[in-house]
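Please work through the exercises below with the sequence and the coordinates at hand. Each task is followed by a solution in steps.

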Amino acid sequence: MQKIGVFVCHCGTNIAATVDVKAVAEALGREPSVALSVEYQYMCSEAGQNMIKDAIREYGLTGIVVCSCSPRMHEATFRKTATAAGLNPYMVEIANIREQCSWIHKNIEEATEKAIILGRTAIAKVLLNAPLTAGESPVVKRALVIGGGIAGIQTALDIAEAGYEVDIVEKNPTIGGKMTQIDKTFPTLDCAACILTPKMVDCAQHEKIKIYSYSEIESVSGFVGNFSVKIKRKARYVDETKCTGCGLCTEKCPQKKVPNEFNMGMDNRRAIYIPFAQAVPKIATIDADYCTMLKSGKCGVCAKICSVGAIDYKQQDQIIEEKYGAIVVATGFNPIKVDKYDEYAYSQSKDVITSLEFERLTNAAGPTSGTLLRPSDGKHPHTIVFIQCVGSRCTPEKGKSYCSKICCMYTAKHAMLTREKYPDTDVYVFYIDVRTPGKNFDEFYRRAVEDYGVHYIKGAVGKVVPRADGTLDVQGSDLIMNEQLHIKADLVVLAAAIEPDKSARPLATMLTASMDTNDFFTEAHAKLRPVESPTAGIFLSGACQGPKDIPETVSQASACAVKVVGLLAKDKLTCNPCVAHSDELMCNGCGQCANVCPYGAITYSEKEFRMADRTTKMRRVAYVNPAVCQGCGACTVTCPSTAMDLYGFSNEQIMAEVDAICK
């Protein structure tokens, strides 16, 4: 005879304010096979867990139902509690009466009735639960970091310092990411390159770190502790083992008119190039789209002058396969394209630029060697207007609904640096709100206003109109003074919203990782597991998860590294026993389950069956590898013959829950 214990949590007032907890406990106590039904203020507390342990021992409970918050929060907690009292942990069910009930209802009677129904469904399921035993799988002591920006670099260094091998995969020819394009960093105004390049060199020289630059992820299979990843190393047409980075080929290449993406297209580079002086690895790359030799077979200048014979025009893309125990996503961000914002005349005037383009204009390694000049005529601008929130905090049709977080601070930085270096320049900033939530950020903004004389105008710019004399008419509103403004500007700088890198969405599909509607990766729990993906073994670092500044990115990168090290430190991992299995007698070998399995856990084999007439027949049947299966259930809903089922979530259990709801 089964004896079920029901434990209903008040969760302070999170549940009790909307649900009559005592009534729920009394109602569930009348359900068949329920030997005990009690309520308590905080079931997850030590006292609450001790109550459950004592009840399991005293009443000889064969299963327990905890009516509380989401199983994402405390399912592991209550399973450990059951184990400590001698009960199989998979005889525990959670009825989510907080997120699915009290938080979404205001009427107490309605919420209480629903809580009783949710509790009843959990009882129906636990009655059909069977004790399960978790298996074990080995851990590959190696980590993969996807993305070589400051987030990926910091994560890789911290993991490597803990003694584990790390591979960095970066799609560009060099690591460093967006930070390599920045001149100064807020709020300290120290040199970005001075901070970043030593870390880049540390990565290149660290014995535990291997850099796959100019490479992309081709496919990912496997599971936590044992991922198999195919990496495509794109052809550089330069032998990395021979190239010394001398740069002679980049000086002699006759193809000079290739837009320089590192300088945001504001100057040109050669068809063979090294992105910037401190690039890591410092290896030349031939751009196949512009190289005359690769396109027509004529030229070959770089090969003739290369003294070490590093040029290889016949080089092909390579696919390599590696095993990893953990994967870190650090794919970063990009500014949105502002071409569609015609009201700001970005596509009409060269003197309307984005903030990242402004960074390159003020950088000593930029197209103007750090001298601030107008792109249109190379003259010094005497009036600059910065426009905030271009594409941020607006309707989905116009851009992004979220705040891009870093724009207010980098605009204040740009304004201060401009006024410091060019005191004769008037600087105006049109803003909706100034958001400065970080340490010393508000003081930084106030310095721009009070010490540097930057004119902050609360209001929106309606239009930017190019004038015949080469200046720009900025038409905006001052909401505080309640007046319309026309500012004759020499340069307009747009603080463009930031968005996830375009590689994020296809990568998430390969990793079976969750994303939000804006294509940012979703964490397992915003407060308790902020650097972990809901997919086990996948971790998040930096702006792939949401807009972040450099200090926050570095902090998260180190936190991510700690989680990875915690995983790699284990020799074995406990597997999830709630995995799929096939009824061979019902399986017809159609292959639909294997087609939908995101983990590649299902294979097929020929098996001999004895027929009714005592003859034997070979038949193709499905086999599930329990070490690979993650229990997602996709195969069970796809199988046309209902041969696939899931331990812990069988068809019988699910139908029992449905019956309990309709009862």
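The exercises that follow concern a predicted model and treat its sheets, a hairpin, loops, an aromatic pair and cavities.

**Exercise 1. Determine the strand order of the five-stranded open sheet and identify its edges.**

Step 1. The five strands follow the order β20-β27-β21-β22-β23, and their pairing is parallel.

Step 2. The edges are occupied by β20 (352-354) and β23 (455-458). Each has a single partner strand, so one side of each is left without a neighbour in the sheet.

Step 3. From one strand to the next, the twist averages 25 degrees.

Step 4. The parallel strands β20 and β27 (residues 491-496) are joined by three bridges. Within this pairing, valine 352 has valine 492 of β27 as its bridge partner.

Step 5. Helix α11 (residues 355-362) packs on the sheet and touches β20, β21 (383-390) and β27. The direction of α11 makes about 95 degrees with that of β20.

**Exercise 2. Describe the open sheet of four strands and the helices that pack on it.**

Step 1. The strand order is β2-β1-β3-β4, with parallel pairing.

Step 2. The edge strands are β2 (34-40) and β4 (92-96), each of which pairs on one side only.

Step 3. With direction ignored, neighbouring strands of this sheet are turned by 15 degrees against each other on average.

Step 4. Strand β1 (residues 4-9) runs parallel to β2, and six bridges join the two. Phenylalanine 7 has valine 38 in β2 as its bridge partner.

Step 5. Helix α1 (residues 21-29) packs on the sheet through contacts with β1, β2 and β3 (63-68). The direction of α1 makes about 175 degrees with that of β2.

Step 6. Helix α3 (residues 71-84) also packs on this sheet, touching β3 and β4. Its direction makes about 150 degrees with that of β4.

**Exercise 3. Locate asparagine 88 and state which residues it contacts beyond its neighbours within four places in sequence.**

Step 1. Asparagine 88 belongs to the loop between α3 and β4.

Step 2. Once the neighbours within four places in sequence are set aside, asparagine 88 is in contact with Pro131 and Leu132.

Step 3. Threonine 133 is 45 residues from asparagine 88 along the chain, and the C-alpha atoms of the two are separated by 8.3 Å.

**Exercise 4. Characterise the hairpin of β25 and β26.**

Step 1. Strand β25 (residues 472-478) and strand β26 (residues 483-489) run antiparallel and are joined by seven bridges.

Step 2. Aspartate 473 stands opposite lysine 488 in β26.

Step 3. Four residues lie between the strands, and asparagine 482 takes a positive phi near 55 degrees.

**Exercise 5. Examine the backbone at proline 187, leucine 189 and proline 281.**

Step 1. The peptide bond from phenylalanine 186 to proline 187 is cis, and its omega is near 0 degrees. Proline 187 is placed in the loop between β8 (184-185) and β9 (190-191).

Step 2. Leucine 189 is also found in the loop between β8 and β9. Its phi is near 55 degrees, a positive value in a residue other than glycine.

Step 3. The peptide bond from valine 280 to proline 281 is cis as well, with omega near -5 degrees. Proline 281 lies in the loop between β15 (272-273) and β16 (285-286).

**Exercise 6. Classify the ring pair of tyrosine 402 and phenylalanine 520.**

Step 1. The count of aromatic pairs comes to six.

Step 2. The ring centres of tyrosine 402 and phenylalanine 520 are 5.4 Å apart and the planes stand at 70 degrees, so the pair is edge-to-face. The cut-off for this class is over 60 degrees.

Step 3. The pair links distant parts of the chain, 118 residues apart. Tyrosine 402 is in the loop between β21 and α12 (407-421), whereas phenylalanine 520 is in the loop between α14 (504-511) and β29 (538-540).

**Exercise 7. Describe the linings of the largest and the second largest cavity.**

Step 1. The structure holds four cavities of 30 Å³ or more.

Step 2. The largest cavity encloses about 90 Å³. Of its 15 lining residues, Cys253, Ala271, Cys291, Cys299 and Cys302 lie nearest the centre. The elements giving two or more residues to this lining are α9 (292-296) and α10 (301-305). By class, the lining has 12 nonpolar, three polar and no charged residues.

Step 3. The second largest cavity encloses about 70 Å³. Its lining comprises 14 residues, of which Ala580, Cys597, Cys629, Cys632 and Cys635 lie nearest the centre. This lining divides into 11 nonpolar, three polar and no charged residues.

How values were computed
Residues are numbered from 1 along each chain as its sequence is written. This is a predicted model: local features need pLDDT of at least 70, side-chain atom pairs count only at pLDDT 80 or more; totals for chains, interfaces and linings use all residues. Side-chain values use heavy atoms; hydrogens and water are left out. Two strands pair if DSSP finds at least two bridges between them. Axes are lines fitted to C-alpha atoms, for helices over the stretch in contact, and angles run from 0 to 180 degrees between N-to-C directions. Contact means heavy atoms within 4.5 Å. On a 1 Å grid over the protein atoms alone, a cavity is a set of points where a 1.4 Å probe fits but cannot get out, and a pocket is an open set with protein on both sides within 12 Å along at least five of seven lines; lining residues have an atom within 4 Å of a point. Grid points are joined across faces, edges and corners, and a volume is the space filled by probe spheres set on the points. Ala, Val, Leu, Ile, Met, Phe, Trp, Tyr, Cys and Pro count as nonpolar, Asp, Glu, Lys and Arg as charged, and the others, Gly among them, as polar. Rings of Phe, Tyr and Trp (its six-membered ring) pair if their centres lie within 6.5 Å; planes under 30 degrees apart count as stacked, over 60 as edge-to-face and the rest as tilted.
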